[in-house]
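Trainee: I have a new structure on my screen and don't know where to begin. Could you take me through it?
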Amino acid sequence: MMRKWLLSLLLAIPAFVSADDYLLSTPHTSMLFEGTKGQSLHFCYYGDRVAPDEAGQVRAAGLYTYADAYPVFGYGYNPEPALQVVLPDGQLALQLVLDSVERRAVDGGELLAFTLRDTKFPVCVKLNYKAYQDLDVIEMWTEVSHEMKKPVVLQQCASGYLPLRGTEAWLSHLYGNWGAESFLQQEPLTTGMKVIKNRDGVRNSHTRHAEVMVSLDGKPDERSGRVVGAALCWGGNYNLRISKESGGNYDFLAGIDNLGADWHLERGEVFRTPELAVTFSPQGLGQVSRNFHRWARATHLAHGDKLRDILLNSWEGVYLAVDEGKMKSMIKDIADLGGELFVMDDGWFGRKYKRDRDNAALGDWEVDTAKLPGGLKALTAEAAANGVKFGIWIEPEMANTHSELFEAHPDWIVCPEGREPLPGRGGTQLLLDLSNPDVQDFVFGVVDRLKTACPDLAYIKWDANMSLTSYGSSYLPADRQSHLYTAYHEGLLNVLRRIRAKYPDLVMQACASGGGRANYGILPYFDEFWVSDNTDALQRVYMQWGASYFFPAMSMASHVSASPNHQTGRRIPLKFRFAVAMSARLGMELQPSAMSEKERAYSRRAIADYKTIRPVVQMGDLYRLVSPYDDKGVSSLMYVAPDGREAAFFAYKLQHFLSQEWPAFRMDGLDPAAHYRLTELGLPEGARPVGVSGKVFSGRFLMNEGISLPLSGEYASCVLRLERVD
Ligand code: DGJ
């Protein structure tokens with residue numbers, strides 16, 4: 001009822017606030033454009049919400065930018081262009097003016113669209129801005145088309161342009177590498193241009209991320225300052241450009257990267273860019289993260305309204321040495337520990353070519369009956385008998401040179417004509433050419449066949465361990481080779497749409513050599529992503545902190561693994577390992593049969609405890625309290641349920657020195673007037689809880705004064721459940 005009422009109110013607001021102001025608002029933000037038919041459209045303002053009758057205030061306060069809403073190359077003051085084309089007669093210049101404006105209700109919100117046309121050639125650019133009525137996010141995307149006989153070449157076509165008002169802006173973004181993804185980088189934006197690019201071709205978040213935050217008023221702060229967040233929703237190559245010109249403002253552009261990616265646009269064809277999702281808050285980085293998380297759960301993450309299962313993944317437990325006996329015993333183990341899902345990772349497939357090493361059989365998605373004589377049926381039956389679900393690993397975009405697939409379809413490989421493909425993992429891994437519809441059918445068929453043969457299959461871990469290193473497609477014509485980077489991802493999205501249409505309930509994890517596919521181009525089709533192949537709990541604190549800037553906890557797969565850790569060799573107590581994984585989507589990835597009875601008993605308790613806070617961790621609002629990057633020796637964060645009745649608090653000791661000092665943990669997001677009982681979770685049997693456990697405090701006290709925690713010993717940790725008592 002409420003939604004309908006709000007919507008009709010929104011629609012009652014006229015498109016023209018004054019003669020040519022166009023205002024678009026979410027509950028707490030507004031975007032303002034100004035334009036007159038036949039003239040340039042200007043982007044005037046993005047920031048705190050202004051009421052329709054207050055748009056004039058923005059101008060009166062001198063707080064507006066007067067930039068072209070979509071800067072183009074070649075005719076004017078030479079801005080950094082969003083659009084750069086080559087017209088059929090060789091001309092490069094465009095001059096776009098406003099032709100028409102459309103405002104209408106769309107699913108969940110309102111769309112404001114401006115149609116711009118070139119003053120000389122029949123080239124049309126449609127700028128779309130979608131505002132949600134109950135989420136503080138605006139999605140923008142661009143559609144380009146033309147009516148000329150010969151193709152127009154798009155050399156650059158950004159999803160969107162955003163002028164930012166500020167003089168001391170700082171950028172927060174994520175960087176890393178395999179095994180060290182999502183590290184946080186914060187830096188001042190000085191004069192010149194900061195460019196964030198990815199050119200892997202297949203995955204796009206190992207080294208850099210397509211999401212950024214810009215703190216407009218100086219050093220980034222969790223709780224204060226105007227912050228703009230932006231996420232480019234694209235799984236392929238991208239470039240984000242932020243420049244500071246003299247005069248104090250910043251220009252932000254984001255879109256598909258243009259290197260090797262000219263798009264030949266045919267007459268009547270519409271090139272639609274990926275969406276760029278932006279959000280704003282005057283209350284610091286924390287609120288921008290919460291805005292992204294809420295938006296993701298509601299619109300850009302599969303099953304964002306459902307709690308995730310607690311799982312055991314077989315990879316670090318047995319690696320490729322999968323067999324029926326081990327799988328069955330792992331199924332029993334996770335059931336016994338209180339988990340809900342078992343995932344059989346790599347190693348289960350291949351007939352002519354065996355998957356005993358990582359250099360063969362990708363593409364041959366048939367059960368290796370030597371390893372699994374009872375096939376998948378025996379395993380799903382075992383899972384059902386133990387009351388858990390069953391999931392499986394695939395890497396369907398890839399083949400090995402040692403595979404029946406490659407023997408049958410050597411032309412399905414991404415490779416320039418006349419050259420040998422450059423193989424990846426195992427010296428034999430190849431990338432399938434998803435621009436080819438036959439390959440798309442094949443990849444869809446991998447999932448379809450598995451689900452048909454095994455309808456009980458509940459979960460798929462979709463891996464991708466290869467970059468696009470040998471650029472070329474035998475499917476695309478010679479004069480359209482430059483479409484490959486984009487067409488590959490369009491092809492992948494086609495496949496994912498088909499899978500989602502046919503199997504809406506299937507849970508899927510986006511894995512790409514760990515955290516290579518943490519982005520909102522991919523996530524609408526996936527329930528979660530594998531944060532990193534690095535399961536070391538200490539390093540995970542830093543990586544999960546970074547990822548939390550943009551991605552909600554329910555999407556971040558975090559597994560308790562063995563000690564010493566297989567990637568870093570570090571020895572970390574089981575309690576700390578659980579405490580880190582419990583702050584995200586908890587799972588396990590080890591061989592339970594190698595655990596002691598004491599460790600198993602502890603795991604059972606921790607899993608049971610996680611279940612009590614799972615709704616607040618996975619659906620609640622995140623408040624980051626003490627950053628691991630601030631070098632205070634500790635780190636802390638908490639989640640608060642949307643109704644404020646529950647919260648979950650986490651603290652980790654990251655350094656261990658004699659006479660060490662660390663701050664009191666001041667909480668956030670609670671109701672100041674309410675009272676909360678604190679209970680320590682994840683305690684080993686018989687251990688004494690921390691002093692605050694069992695006590696009641698007011699929300700105001702917890703937020704203004706906080707609590708002091710002993711955190712004695714190396715890798716101490718504390719997980720608290722907060723329950724409102726009044
Ligand atoms: C890379 C993934 O990131 C790992 O978790 C695991 O699934 C392996 N591939 C399997 O080959």
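What follows is a walk through the ligand site, the empty spaces, and a few residues.

Mentor: Some ground rules come before the tour. This is a predicted model, where local features need pLDDT of at least 70, side-chain atom pairs count only at pLDDT 80 or more, and totals for chains, interfaces and linings use all residues. Residues are numbered from 1 along each chain as its sequence is written, and side-chain values use heavy atoms, with hydrogens and water left out.

Trainee: Let's start with the ligand. How many residues surround the ligand, and which are the closest?

Mentor: A residue is near a molecule if one of its heavy atoms lies within 4 Å of it. Here 13 residues surround the ligand, and Asp345, Asp346, Lys461, Asp463 and Asp533 are the closest. Sorted by class, that shell has four nonpolar, three polar and six charged residues. In this scheme Ala, Val, Leu, Ile, Met, Phe, Trp, Tyr, Cys and Pro are nonpolar, Asp, Glu, Lys and Arg are charged, and the others, Gly among them, are polar.

Trainee: Which side chains have an N or O atom by a ligand oxygen?

Mentor: Think in polar contacts: pairs of N or O atoms within 3.5 Å; within protein, one must be able to donate a hydrogen and the other to accept it, and residues adjacent in sequence count only if both atoms are side-chain atoms. The side chain of Asp345 has an N or O atom 2.7 Å from a ligand oxygen, and for Asp533 that distance to a ligand oxygen is 2.4 Å. With Asp463, the ligand atom is a nitrogen, 2.7 Å from an N or O atom of the side chain. The protein covers 97% of the 300 Å² of accessible area that the ligand has on its own. Such areas come from the Shrake-Rupley method with a 1.4 Å probe; for residues, only the protein chains shown count as cover.

Trainee: Now the empty spaces. How many cavities of 30 Å³ or more are there?

Mentor: On a 1 Å grid over the protein atoms alone, a cavity is a set of points where a 1.4 Å probe fits but cannot get out, while a pocket is an open set with protein on both sides within 12 Å along at least five of seven lines; lining residues have an atom within 4 Å of a point. Points are joined across faces, edges and corners, and a volume is the space filled by probe spheres set on them. This structure holds ten cavities of that size, and the largest has about 120 Å³ of space. It is lined by 16 residues, with Gln544, Trp545, Ser583, Leu637 and Tyr639 closest to its centre.

Trainee: Which element gives the most to that lining?

Mentor: Elements are DSSP runs numbered from the N terminus: helices (H or I, at least four residues) and strands (E, at least two). For the largest cavity, α10 gives the most, with four residues. The lining as a whole has ten nonpolar, four polar and two charged residues.

Trainee: Is α10 mostly covered or open?

Mentor: Buried means under 20% relative accessible area, exposed over 50%, and partly exposed in between (1.4 Å probe, protein chains only). In α10, ten of the eleven residues are buried, among them Gln544 and Trp545. At the helix start, a side-chain oxygen of Asp536 comes within 2.8 Å of the backbone nitrogen of Leu538.

Trainee: And what volume does the largest pocket have?

Mentor: The largest pocket has about 740 Å³. Of its 29 lining residues, Tyr132, Asp134, Leu135, Asp136 and Arg294 lie nearest the centre. Helix α3 gives the most, with seven residues. By class, the lining has eight nonpolar, nine polar and twelve charged residues.

Trainee: What should I look for in the backbone?

Mentor: Most residues other than glycine have a negative phi, and most peptide bonds are trans. In this model the bond from Ser563 to Pro564 is cis, with omega near 0 degrees, and Pro564 sits in the loop between β29 and α11. Ala361 has a positive phi, near 85 degrees, and lies in the loop between β22 and α6. Ala361 counts as buried because its relative accessibility is 0%. Leu711 also has a positive phi, of about 40 degrees; its loop runs between α13 and β36.
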